[in-house]
Amino acid sequence: MARVKDKIHICENCKKEITGEIIKKGRKEYCEDCMYEIDPDWTDWCKLFEYIKRLYNVENVSVQIITQLKKYNNENKMSYYGMFHTLRYVYEILEMELDTDKGVGIIPYFYTKAEQFMNKKFDIEDKAEEYNIEAVTHTVTTKRQDNYRNQKKNINLDKWKEQTE
Ligand SMILES: [Zn+2]
């Protein structure tokens, strides 16, 4: 039997094949970069959603979790972007045990701590960068700066605060 080939996903905006995360809006699919330009909030929501699916190993995010996320966003003024990084902080950095009964109820307890952690992380990286510039050769320095810039691009602390007010 012939094996069905994986479907190729083309970004609706740049018309290129999507190699990274696929962001869906309605029936259309976009690459992450394009979607960030078109609708940053939607992109953050999708990323959070996809992360939860992977975390809980489920096909769909439960109504309980969706309700929690919307409540934190509306009432507690937590951004989807911040919640995404909070979950990563809790399960990837602190390596806490997942309690599926409570949904994502852990987020409010760690939201600020996660933000402080990211702040501190950048602070240390800034200091390390200053040190490296003096200590290493030109070639290596350039390479490290590129690395550093990429990391910064991935985590934007300004976006942590809810912006939809
Ligand atoms: Zn694109």
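Here a biologist and a modeller talk through a predicted model.

Biologist: Let's start with the strands. What makes β1 and β2 a pair?

Modeller: Pairing takes at least two bridges, and four bridges join β1 (residues 22-25) to β2 (residues 28-31), so they count as paired. The two strands run antiparallel. One of the partnerships is between Lys24 and Glu29 in β2.

Biologist: And which residue in that hairpin takes a positive phi?

Modeller: That is Gly26, with a phi near 60°, in a hairpin that has two residues between the strands.

Biologist: Why is Asn57 called exposed?

Modeller: A residue is exposed if 12 or fewer other C-beta atoms lie within 10 Å of its own. Asn57 has 8 such neighbours, so it counts as exposed. You will find Asn57 in the loop between α2 and α3.

Biologist: What makes the phi of Asn57 worth a look?

Modeller: Most residues other than glycine have a negative phi. Asn57 is not a glycine, yet its phi is positive, about 55°.

Biologist: How do you know whether Glu95 is buried or exposed?

Modeller: Use the cut-off of 12 or fewer again. Glu95 has 7 other C-beta atoms within 10 Å, so it is exposed. Glu95 sits in the loop between α4 and α5, and it too is a non-glycine with a positive phi, of about 50°.

Biologist: Now for the inside. Which helix gives the most to the largest nonpolar core?

Modeller: That core has 18 residues, and Met83, Phe84, Leu87, Val104 and Ile107 have the most contacts inside it. α2, α3, α4 and α5 each supply at least two of its residues, and α4 gives the most, with six.

Technical notes:
Residues numbered from 1 in each chain as written. Predicted model: local features only at pLDDT ≥ 70, side-chain atom pairs only at ≥ 80, totals over all residues. Core = buried A, V, L, I, M, F, W, Y, C linked by C-beta atoms within 7 Å. Buried ≥ 20, exposed ≤ 12 C-beta atoms within 10 Å, placed from the backbone.
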